[in-house]
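Here's a short set of exercises with worked solutions. Grab your viewer and try each task before reading on.

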Amino acid sequence: MAASDGSSSTRQLLLYFGLMSLLVNVVNPGFLLDIPTSYMLKNILHASASQISRFRLLTGTPLYLGFTFGMVRDLWNPVGRRDRGYFRIFVPLMICILAWMALSRTTYQGLLIGMLLTTVAYSFVFAAFQGLTALIGQEALMTGRLSALSNIFLFLPVGAAYFASGFMAEQLSPRQIFLMVLALTTTLSVFGFWKPRSVFSHAYDNPHAKGTNFLGDVRRLLKHRAIYPVVLINLLWNFTPGSFTPMQFFLTNQLHASDAIYGEFLGLYNLFFLPPILLYGFLCTKFPPRKLLLWSVIIGVPQFIPMAFIHTGQQALLAAVLIGLMGGLANAACIDIAIRACPPGLQGTLMMIIAATFALSMRAGDVLGSWIYGLSPKYGFQYCVIAITVTYALILPAIPLIPKQLTATADGEPNPEEEASVLAEIGDAGGPT
């Protein structure tokens, strides 16, 4: 009977976090609005590649400050509802901002302000989602499975969004695009009120949820040795100079492919992450994450090399499939070790730092890639491929820096040494306030 109850609880957890991951990632302005706004800049406002990459860098500013949103999530309990309170406050705010963008004239300044405000509101929602996922992952010994689940429901909507973005850019007006995103955003309102027992019964009473105060939490975070290699690995894995603006210009200008090809490339690239991520969800219950991380990075290092040899848009789509299949395992492994590395009571903070590394490395990589691409009219994109490959290879010497006790057990296996360190950290810090 107890085993049956445990299985039922696990299914409820997977359902809740699967649906939350799906809906939160669907409305991420950094994905769903990224390509449409870039084409608004390129085709309506006639911006250059460098201007578009700078716009993307600037509008990602709230995501680079993920530490701030994560720390707010770990310390502030809005309307007495903890993580659900963030959905009650900031989802309606996102809706209002998107309505303003839909009703305004398309200008560079309007797009910049609107995307910044939307991303700020979204970042509070995302911090609640990330913090709650990491907390329950640690408590239920499901870090690998929840990593796989969150990655599946990240890349599935992202892939679909990239496919849709080509159609959106070519067929919909800016007003129609923003109204469509507004309608999707309203679906997040459900998480302000849905409270399944399997998730919330004792979620905030567990030692993993116990923090101290702002200064105490900052000290604990800085002393937590595991976060440094984990943040570095995630930063390097997401630093891909060439996969966004240079790729867009390479496909459309050099290969003379249609605007839709770029969206289709990114769609296939993200959707073909899914099979290896599903495989990770199985492997993580059999092998500790240290081995899985090493294997997956070795497989992922050369994934972009085929792009150096393509000559048509159709060849690029075939390469996108291969890139996705080679990179999926590492995406899940990087988030698995990040969840495991979260200090008690600071799940939102560390996971938002990881989200910040994703946003910052992606945007900074885009700016660097645009510069590299501009070095040579003929070989600029090939130089970008070399830069991506070298960056991925730099992850390998960082893996041994992760504390061994953190990655010693497979998903679902008790880790007494790590549990003792959690209790000791809270005890040394003086317990919660």
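**Exercise 1.** Find out which residues F126 is in contact with, once its neighbours within four places in sequence are left aside, and place F126 in the fold.

*Solution.* Start with the contacts, meaning heavy atoms within 4.5 Å: leaving aside neighbours within four places in sequence, F126 touches V24, N25, M352 and A355. Next, check one of these partners along the chain: N25 and F126 are 101 residues apart, yet their C-alpha atoms sit 8.7 Å from each other. Then place the residue: F126 belongs to helix α8. Helices here are DSSP runs of H or I with at least four residues, strands are runs of E with at least two, and both are numbered from the N terminus. Last, look at the cover: F126 has a relative accessible area of 11%, so it is buried. The cut-offs are under 20% for buried, over 50% for exposed and partly exposed in between, using a 1.4 Å probe and protein chains only.

A word on the ground rules: this is a predicted model, where local features need pLDDT of at least 70, side-chain atom pairs count only at pLDDT 80 or more, and totals for chains, interfaces and linings use all residues. Residues are numbered from 1 along each chain as its sequence is written, and side-chain values use heavy atoms, with hydrogens and water left out.

**Exercise 2.** Do the same job for T119: which contacts does it make, and is it buried or exposed?

*Solution.* T119 is also a residue of helix α8. Its contacts, again without neighbours within four places in sequence, are P29, T59, P62 and L63. Its relative accessibility is 4%, so T119 counts as buried.

**Exercise 3.** One of those partners, T59, leads to helix α4. Which residues of α4 are buried, and what covers them?

*Solution.* Helix α4 runs over residues 49-59, and its buried residues are A49, I52, S53, F55, R56 and T59. They cover an arc of only 155° around the axis, so they lie on the same side of α4; the arc is that of the directions from the helix axis to the C-beta atoms. Now for the cover: it includes α3 (34-44), α5 (61-64), α8 (108-139), α14 (245-254), α15 (259-271) and α19 (347-373).

**Exercise 4.** Look at the backbone of V79 and L141: what is phi near in V79, and what in L141?

*Solution.* Most residues other than glycine have a negative phi. V79 has phi near 45°, a positive value, and L141 has a positive phi too, near 55°. V79 is in the loop between α6 (66-75) and α7 (83-103), while L141 is in the loop between α8 and α9 (143-171). As for accessibility, V79 counts as exposed at 51%, and L141 counts as partly exposed at 27%.

**Exercise 5.** Zoom out: how many helices and strands does the protein chain have, and what is its radius of gyration?

*Solution.* Count first: there are 21 helices and zero strands. For 433 residues, a compact globule would have a radius of gyration near 22 Å, and the chain's 21 Å agrees with that. The radius is taken over C-alpha atoms, and the globule rule is 2.2 Å times the number of residues to the power 0.38. The C-alpha trace spans about 60 × 45 × 45 Å along its principal axes. Buried residues make up 59% of the 433. Finally, of the contacts between residues at least 6 apart in sequence, 84% join residues at least 24 apart.
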